[in-house]
Amino acid sequence: MDGIDVALIRTDGLGFVETSCAGEYPYDAAFKKRIEAGLADASHLESSIQRTPFLTDLEQELTHRHALAIQRFLATHDLKAENVDVIGFHGQTVLHRHQKGYTIQLGLGQLLADETGIPVVFDMRANDMVHGGQGAPLVPVFHQALAASLPPEFAGKKPVAFVNIGGISNISYVGKSGELIAFDTGPGNALIDQWVFAKAGIPFDQGGAIAAEGNVIQAITDHYLAQPFFEQKVPKSLDRNDFKPLDEGAASLEDGARTLAHVSAAAIVKSCDHLPEPPNLWIICGGGRKNPKIMNDLAKLVLAKNGAPVILAEEAGLDGDSMEAEAWAYLAVRSIRQLPLTFPQTTGCSRAVSGGILVFPQTENEAR
């Protein structure tokens with residue numbers, strides 16, 4: 001909920017991926033609060049197409065902000081709309097209820113196409129859920145493509161794990177012969193963000209500075225790692241609210257931040273229990289990689305398990321901030337080519353399926 005990531009790539013939707021420029025366009029504090037209110041407003045909805053009046057307005061504004069971000073991005077990099085073949089549009093998740101077969105991402109694909117003048121692929125999770133999948137994660141097939149073209153020093157390290165530490169953490173496991181397994185591993189930054197905001201009114205623990213002043217409370221760690229989610233078979237996915245925030249009286253600000261950083265790392269390593277074998281290389285992306293306490297704990301726990309290196313995406317020649325945006329562009333091309341976006345071993349769908357809706361900019365006459 002921090003803002004909009006935009007990335008430009010060239011790809012065939014298969015093994016060729018050429019990354020380029022990227023940009024981040026933060027939301028102002030007032031709009032973040034509107035999204036938070038949207039999460040609460042959506043919590044009682046019971047289908048992917050339901051909208052309250054508040055969510056209808058929020059969806060319009062959110063889409064408009066995406067259009068402005070794209071226009072700024074194009075201007076910054078001296079690009080024109082006609083230079084871009086397609087936009088992959090994720091939107092904003094406000095509710096994910098895979099157990100009930102629906103997920104809600106705010107974002108109007110047709111409006112985005114009309115405001116940017118560029119074709120848009122959106123709603124890429126729904127078809128997976130129609131086929132029995134959980135609608136997440138969708139990034140793994142992009143990770144599989146990246147694993148095939150790692151720098152020479154990492155090329156022989158399979159199996160390799162790509163871990164994205166966002167609000168929720170997820171893992172993509174690419175085996176020695178390219179086989180793909182993926183699932184959400186547990187809380188990433190969400191619990192930490194909720195904690196420091198509740199205790200100090202701070203939106204997130206920048207650079208892990210608060211956690212650096214604290215100590216791990218083992219009882220809290222044990223409580224979170226004992227949650228039934230960790231024993232569930234894979235593939236599996238989470239909503240950001242599936243793990244309850246830490247009670248405000250449970251710890252000091254610093255000890256709570258430090259403990260929740262440890263929980264994030266320990267949950268990722270615990271995911272190894274569901275893999276055919278421990279990864280020989282861990283590549284970390286997402287905002288959580290900027291928290292040294294998460295990274296240090298992750299490295300120590302993996303070292304104790306099998307001694308594999310844990311590296312930042314940048315060390316593998318990748319951009320850990322823009323990888324998810326790049327993935328959505330890659331998925332849009334796969335969607336246009338009717339290639340699978342999800343697989344039984346990544347979301348639990350009954351068979352490999354494509355997805356997404358392609359829309360084109362309307363002229364004023366067509367809109368009428």
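**Exercise 1. In this predicted model, find the aromatic cluster that contains Y224, and the charge that sits over one of its rings.**

Solution.
- Y224, F229, F230 and F243 make up one aromatic cluster.
- Take F229 from that cluster. The charged end of K236 sits over the F229 ring.
- The distance from the charged end of K236 to the ring centre of F229 is 4.3 Å.

**Exercise 2. Classify the aromatic pair of Y27 and F31, then decide whether each residue is buried or exposed.**

Solution.
- An aromatic pair is described by two values: the distance of the centres and the angle of the planes.
- The count of aromatic pairs in the model is 6. Y27 and F31 form an aromatic pair with 4.8 Å centre to centre.
- Their planes stand 65 degrees apart. Planes over 60 degrees apart count as edge-to-face, and the Y27 and F31 pair is edge-to-face.
- Now the burial. The cut-off for buried is under 20% relative accessible area.
- Y27 has 7%, so Y27 is buried. F31 has 1%, so F31 is buried.
- F31 has a further contact: R65 lies over the face of F31, 3.9 Å from the ring centre.

**Exercise 3. Work out the strand order of the open sheet that contains β6, and name its edge strands.**

Solution.
- The sheet is open and has 3 strands. Their order is β3-β6-β12, with mixed pairing.
- β3 (87-88) and β12 each pair on one side only, so these are the edge strands by definition of the pairing.
- Look at the β6 and β12 pairing. β6 covers residues 120-122 and runs antiparallel to β12. The two strands are joined by 3 bridges.
- One residue match: F122 has I357 in β12 as its bridge partner.

**Exercise 4. Follow the chain beyond β12 and place F360 in a surface patch.**

Solution.
- β12 spans 357-359, and α12 spans 364-367. F360 lies in the loop between β12 and α12.
- I336, L358 and F360 form a nonpolar patch on the surface.
- Together, I336, L358 and F360 have about 280 Å² of accessible area.

**Exercise 5. Locate N215, decide whether N215 is buried or exposed, and state how far N215 is from T346.**

Solution.
- N215 lies in the loop between α6 (190-200) and α7 (218-225).
- The relative accessible area of N215 is 53%. Exposed means over 50%, so N215 is exposed.
- In sequence, N215 and T346 are 131 residues apart. In space they are 35 Å apart, C-alpha to C-alpha.

Terms used. Residues are numbered from 1 along each chain as its sequence is written. This is a predicted model: local features need pLDDT of at least 70, side-chain atom pairs count only at pLDDT 80 or more; totals for chains, interfaces and linings use all residues. Side-chain values use heavy atoms; hydrogens and water are left out. Patches are made of residues with over 30% relative accessible area and no salt bridge: like charges are joined within 9 Å, nonpolar side chains (Val, Leu, Ile, Met, Phe, Trp, Tyr) within 5 Å. Accessible areas come from the Shrake-Rupley method with a 1.4 Å probe; for residues, only the protein chains shown count as cover. A salt bridge is a side-chain nitrogen of Lys or Arg within 4 Å of a carboxyl oxygen of Asp or Glu. Helices (H or I, at least four residues) and strands (E, at least two) are DSSP runs, numbered from the N terminus. Rings of Phe, Tyr and Trp (its six-membered ring) pair if their centres lie within 6.5 Å; planes under 30 degrees apart count as stacked, over 60 as edge-to-face and the rest as tilted. Buried means under 20% relative accessible area, exposed over 50%, partly exposed in between (1.4 Å probe, protein chains only). A charge sits over a ring if NZ of Lys or CZ of Arg is within 6 Å of the ring centre and within 35 degrees of the ring normal.
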